[in-house]
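This report describes a structure of two chains for a reader at the bench, going from a single turn outward to sheets, cores and whole chains.

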Amino acid sequence: MAFAAFGSSPAKEHKSSTKSSKIVLALLLPGLVYLGLFFFTPLMSLVITSLEVPAASYAPGAYEYGFAWENYVEAFTTYLPQILRSFFYATVATVIALLISYPLAYFIGVKLRPRPMLQRLMLVLVIAPFFISFLLRTIAWKQIFSDGGAIMQTVYSLGLMDRSQHFLGTDAAVIFGLTYNFIPFMTLPLFTTLERFDVRLLEAGSDLYASPARVFRKVTLPLSMPGIISGTLLVFIPIAGDYVNAGQNFLGSSKTTMIGNVVEFTFLQNQNYPLASSLSVMLMAVIVALIGLYVRSSGTEDLL
Amino acid sequence: MAIDFTPTGADLELKNVRKDFPGFTALEDMDLHIPAGEFFALLGPSGCGKTTTLRIVAGLEEPTAGQVLIGGKDVTASKPHERPVNTVFQSYALFPHMTILENVAFGLRQRKIDEPLKKAMDALNLVELGYAAERRPQQLSGGQQQRVALARALVNRPALLLLDEPLGALDLKLRRQMQIELKAIQMEVGLTFLHVTHDQEEAMDMADTVAVMNKGHIEQMGAPEALYERPKTAFVSKFLGQSNLFVGSIAESNKESLSIEVGGHKITVPKNRAEKHTGKICIGVRPEKTTFHRTAPKLGSDHVVVGPGEIIDIRFTGVSNQYLIAIPNVGDVTVFAQNVGISPVIELGEKVWVSWKVEHSFGLSDLPAGNEDE
């Protein structure tokens, strides 16, 4: 049989000339300059600040150059509960956002495909909350969940909670706010992935003896991984550093302080810049490490 | 899972299967029986319901009414993954996130069959793609992907293999080669193949039985030779090859034959080759069965002669020349002449007569479109 005749020919290697690499460099230059000025320089400044020592004058907010790595030890030991809480909140809120967003994105991206008008309308609805300020919406939730509000009054009168208990200021309230505020960042990347999903693969899977549940696990889910990865990253990272929802003026209380609140407090109130900086550097390092592990273990190299 | 896998193919039976979509009926009370081990082709133009039939057999579409039986067992209510059926999809539908080997092993893994990878490798070797086992579908050419799709279906040894225009996307040369391969594999594994295609050559070349479909029903079914030699409807006579058709009322009838009169010519068909023996009928003849003459031929009653007419078009196709002859009051007649180098050299505009043997005429059960209401 002559099947071998159809074997693939070796891929031709693409040679980029020196000229084109110069053009590429020129095109990259503005971006590199931007990154250098507005990312690398402040980052270095942050790292340097995190190692500073109090100035000889001991005036509030006055620090001088040093190498006080103890700042990190202090930040870590003092604020470990807040650090752990931040990652706990971020994990729970990300999982809930994924569980809510996935069916929604699947519905919009796959089921509504034959009806593009409805599809676009649904997408607008997903983005619509962004038209109103993040702070205003969070304050609105505070009103809605206040003890005198309709929801809590119903809960109290049904006896589900004692009148001495409150919803605001609890872990649940903060996680609710975080999930609500970041859900569109999960839905949109999932939608862009699922929008391109070839539904004929579902038929192929069921034709090959896989039940609908197994088709989902073996075909749909692996092919949605790029959207799941980018969605979880887009949600997890800002939540880990968020300081609005957990703030006492919003949905939180003194028991829900996150690392973002600590940084805000140490920086603006205590003017302890080295401590605030070392907390920020630590938060960044932990997030980078977690993401590295996550992207690696989810095996997205194949999909990206 | 309790899927009953027969070592060889099983027979397929459709009983009064009907499929309504909003606004139109895709299938009208279809009855079909395909014996085990047969290579069966459903042939028809796009929109005739052939793909709907296949999807109903696969369980991907639910019939509005009727029953589907595979190996005598009613599977009408079964889900696709519960049927002992595999499909080679037109789009191939290979899983892009898996290697070729894992694609082929998918069905075996779902059924928890021992040594899925070894069996998948054997199937890949059968289609001569063992060397590409670790590649991804995107890295293969269309023809290679088609063979992977075939291996992925065959490896499960389904009672019934469904082929949904699997060769449609391939170029002519590769398509002809895959047809030969497919037929060879079918003979080797002895499975029942249900092949859906709009390519009449492909259907006649590969299938034991061909069913020609039109507008949601089967027009005619039979062995390729029988269908070609004795088309029973105008649609089949035109869809399966070409035909010259003549419509007229019966002018003469005796024990053996019927004649109609068209534009002053007598066109005769043997009674045993005519579907209809009364009223207005349509008689046809294949272009390659006809010959033309430069002078009025003196032939007996065992020949039909029409003419004279004028040659208005000549096409050279390689193996034969195709002549279009306009005969006054009769219409245009096509004649194929084998390109054997001894046929008369003839020019556009020349006056010729056309003849054929009466035994090559066939009488249709219906009239070609445009003649029904007269």
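## Strands, cores and chains

In chain B, strand 9 and strand 10 make a hairpin that leaves two residues between them, and B:Lys215, which sits in the turn, has a positive phi of about 50°. The model is a predicted one, and what follows should be read with that in mind.

The two arms of this hairpin, strand 9 and strand 10 (residues 217-222) of chain B, pair in the antiparallel sense over five bridges, and B:Asn214 has B:His217 in strand 10 as its bridge partner. Strand 9 (residues 209-214) of chain B also pairs with strand 3 (residues 39-43) of chain B, here in the parallel sense and over four bridges; in that pairing B:Leu43 is matched with B:Val212 of strand 9. Both kinds of pairing rest on a common principle, since strands of a sheet pair through backbone hydrogen bonds, either parallel or antiparallel.

Elsewhere in chain B, four strands build an open, antiparallel sheet in the order 2-1-4-5. Strand 2 (24-34) and strand 5 (73-74) of chain B each have a single partner strand, so they stand at the edges and one side of each is left without a neighbour in the sheet. Strand 4 (residues 65-70) of chain B reaches strand 5 through two antiparallel bridges, and B:Leu69 stands opposite B:Asp74 of strand 5.

Another open sheet of chain B, also antiparallel in its pairing, contains five strands in the order 15-19-16-17-18. Its edges are strand 15 (291-293) and strand 18 (331-338) of chain B, each of which pairs on one side only, and the twist from one strand to the next averages 45°. Within this sheet, strand 16 (residues 303-316) and strand 19 (residues 351-357) of chain B pair in the antiparallel sense over six bridges, with B:Val304 standing opposite B:Trp356 of strand 19.

What lies at the centre of the packing? The largest nonpolar core has 107 residues, among which B:Val104, B:Ala151, B:Leu194 and B:Val212 touch the most other members. Domain 1 (12-229) and domain 2 (234-364) of chain B both contribute residues to this core, so it lies between them. A second, separate core has 44 residues, including A:Ala105, A:Met258, A:Ala276 and A:Leu283. B:Val212, already met as a bridge partner of B:Leu43, touches several residues beyond its four nearest places in sequence, including B:Leu43, B:Ile218, B:Leu227, B:Val236 and B:Phe239.

The two chains can be set side by side as follows.

| Chain | Residues and buried share |
|---|---|
| Chain B | 374 residues, 42% buried |
| Chain A | 304 residues, 30% buried |

Chain B holds eight helices and 20 strands, and its C-alpha atoms fill a box of roughly 75 × 45 × 35 Å along the principal axes. Chain A, by contrast, comes to ten helices and two strands, which run α-β-β-α-α-α-α-α-α-α-α-α from the N terminus on. The radius of gyration of chain A is 25 Å, well over the 19 Å that the globule rule gives for 304 residues, so chain A is more spread out than a compact globule. The C-alpha trace of chain A spans about 90 × 65 × 35 Å along its principal axes.

Among contacts between residues at least 6 apart in sequence, the share that joins residues at least 24 apart is 66% in chain B and 69% in chain A.

Definitions and conventions. Residues are numbered from 1 along each chain as its sequence is written. Chains are lettered from A and ligands numbered from 1 in the order in which they are written. This is a predicted model: local features need pLDDT of at least 70, side-chain atom pairs count only at pLDDT 80 or more; totals for chains, interfaces and linings use all residues. Two strands pair if DSSP finds at least two bridges between them. Axes are lines fitted to C-alpha atoms, for helices over the stretch in contact, and angles run from 0 to 180 degrees between N-to-C directions. A residue is buried if 20 or more other C-beta atoms lie within 10 Å of its own, exposed if 12 or fewer, and partly exposed in between; C-beta atoms are placed from the backbone. Two residues are in contact if their C-beta atoms, placed from the backbone, lie within 7 Å. A nonpolar core is a set of buried Ala, Val, Leu, Ile, Met, Phe, Trp, Tyr and Cys residues joined through C-beta atoms within 7 Å. Domain bounds come from an automatic or database domain assignment. The radius of gyration is taken over C-alpha atoms; the globule rule is 2.2 Å times the number of residues to the power 0.38. Lists of a residue's contacts leave out its neighbours within four places in sequence.
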